[in-house]
Amino acid sequence: MLVKIHSQVPVLEQAKQDTIDKVCGIVKKQLAVAQDTPVNGETMFGDLGADSLNTFEIVMGVEEAFGITVDESSAQEIKTVEDAATLIDKLMNRDRQGRLK
């Protein structure tokens with residue numbers, strides 16, 4: 001269920017930032033990135049030195065952290081933190097909708 005606040009802005013936007021922040025932490029951990037290295041939604045995994053195996057490990061970390069399953073074709077499209085966060089929110093919303101039916 002999407003809850004609106006007084007300004008009619010969906011609360012879902014806050015959840016997305018939370019998702020981005022959590023993915024940033026996963027990326028830093030999986031790639032052993034220094035804590036003072038900036039990682040945000042636009043950060044490309046390749047710019048942090050990630051190869052395809054590292055990206056696979058990030059996806060596995062995301063699956064574990066969020067309790068979701070990412071199919072292989074979707075996983076191959078993830079290049080940035082934002083890509084991962086958008087996919088996570090989409091999968092979690094789909095799962096929520098499925099439970100409501």
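This report describes a predicted model of a protein chain, going from its overall make-up to particular helices, loops and contacts.

## Overall make-up

The protein chain contains 4 helices and 0 strands, and, read from the N terminus on, its elements follow the order α-α-α-α. Of the 101 residues in the chain, 33% count as buried.

## Helix α2

Helix α2 covers residues 52-66, and its length can be checked by simple reasoning: at 1.5 Å a residue, these 15 residues should span 21 Å, and the C-alpha atoms at the two ends are indeed 21 Å apart, which agrees. The residues of α2 that are buried are N54, T55, I58, V59, G61, V62 and F66. When the helix is viewed down its axis, these buried residues fall within an arc of 160°, so they line one face of α2. On the other side of α2, the residues S52, L53 and E64 are exposed.

Both ends of this helix have a feature that can be looked up in the structure. At the start of α2, a side-chain oxygen of D51 comes to within 3.1 Å of the backbone nitrogen of L53. After α2 comes G67, a residue with a positive phi, near 65°.

L53 also takes part in a surface feature, since together with F56 and M60 this residue forms a nonpolar patch, and the three have about 310 Å² of accessible area together. F56 is itself a residue of helix α2, and F56 appears again in the next section.

## Helix α3 and its neighbours

Helix α3 is made of residues 72-77, and S74 is found in this helix, as are A75 and E72. These residues differ in their exposure: A75 has 18% relative accessibility and counts as buried, because the limit for buried is under 20%. S74, at 21% relative accessibility, counts as partly exposed, while E72, at 60%, counts as exposed.

Each of these residues can be paired with a residue elsewhere in the chain, and the table below lists the pairs together with one further pair, V39 and V27, which is taken up in the section on the loop.

| Pair | Separation along the chain | C-alpha to C-alpha distance |
|---|---|---|
| S74 and L87 | 13 residues | 8.0 Å |
| A75 and F56 | 19 residues | 7.6 Å |
| E72 and F56 | 16 residues | 9.5 Å |
| V39 and V27 | 12 residues | 8.3 Å |

Two of the rows involve F56: the C-alpha atom of this residue is 7.6 Å from that of A75 and 9.5 Å from that of E72.

## The loop between α1 and α2

Helix α1 spans residues 12-31, and T43 has its place in the loop between α1 and α2. The same loop holds A32 and V39. How buried or exposed is A32? With a relative accessible area of 69%, A32 is exposed. V39, by contrast, is buried, with a relative accessible area of 14%, and T43 likewise counts as buried, at 11% relative accessibility.

The backbone of A32 also deserves a careful look, as A32 has a positive phi of about 50° although it is not a glycine. Most residues other than glycine have a negative phi. Further along the loop, a polar atom of the T43 side chain lies 2.8 Å from the backbone nitrogen of N40. V39 can be related to V27, for these two residues are 12 residues apart in sequence, with their C-alpha atoms 8.3 Å apart in space.

## The salt bridge

How many salt bridges does a search of the whole structure find? The search finds 1 salt bridge, and E82 forms this bridge with K16, the closest N and O atoms being 3.2 Å apart. The pair links distant parts of the chain, as E82 belongs to helix α4 (residues 81-100) and K16 to helix α1, with their positions 66 residues apart in the sequence count. Both partners count as partly exposed: E82 has a relative accessible area of 26%, and K16 has a relative accessibility of 22%.

Notes. Residues numbered from 1 in each chain as written. Predicted model: local features only at pLDDT ≥ 70, side-chain atom pairs only at ≥ 80, totals over all residues. Heavy atoms only, no water. Expected span 1.5 Å × (residues − 1). Buried < 20%, exposed > 50% of the residue type's maximum accessible area, 1.4 Å probe, protein only. Arc of directions from axis to C-beta. Polar contact = N/O pair within 3.5 Å; in protein donor to acceptor, adjacent residues only side chain to side chain. Patch = residues over 30% accessible without salt bridge, like charges linked within 9 Å, V, L, I, M, F, W, Y side chains within 5 Å. Areas by Shrake-Rupley, 256 points an atom, 1.4 Å probe, with all protein chains shown as cover. Salt bridge = Lys/Arg side-chain N within 4 Å of Asp/Glu carboxyl O.
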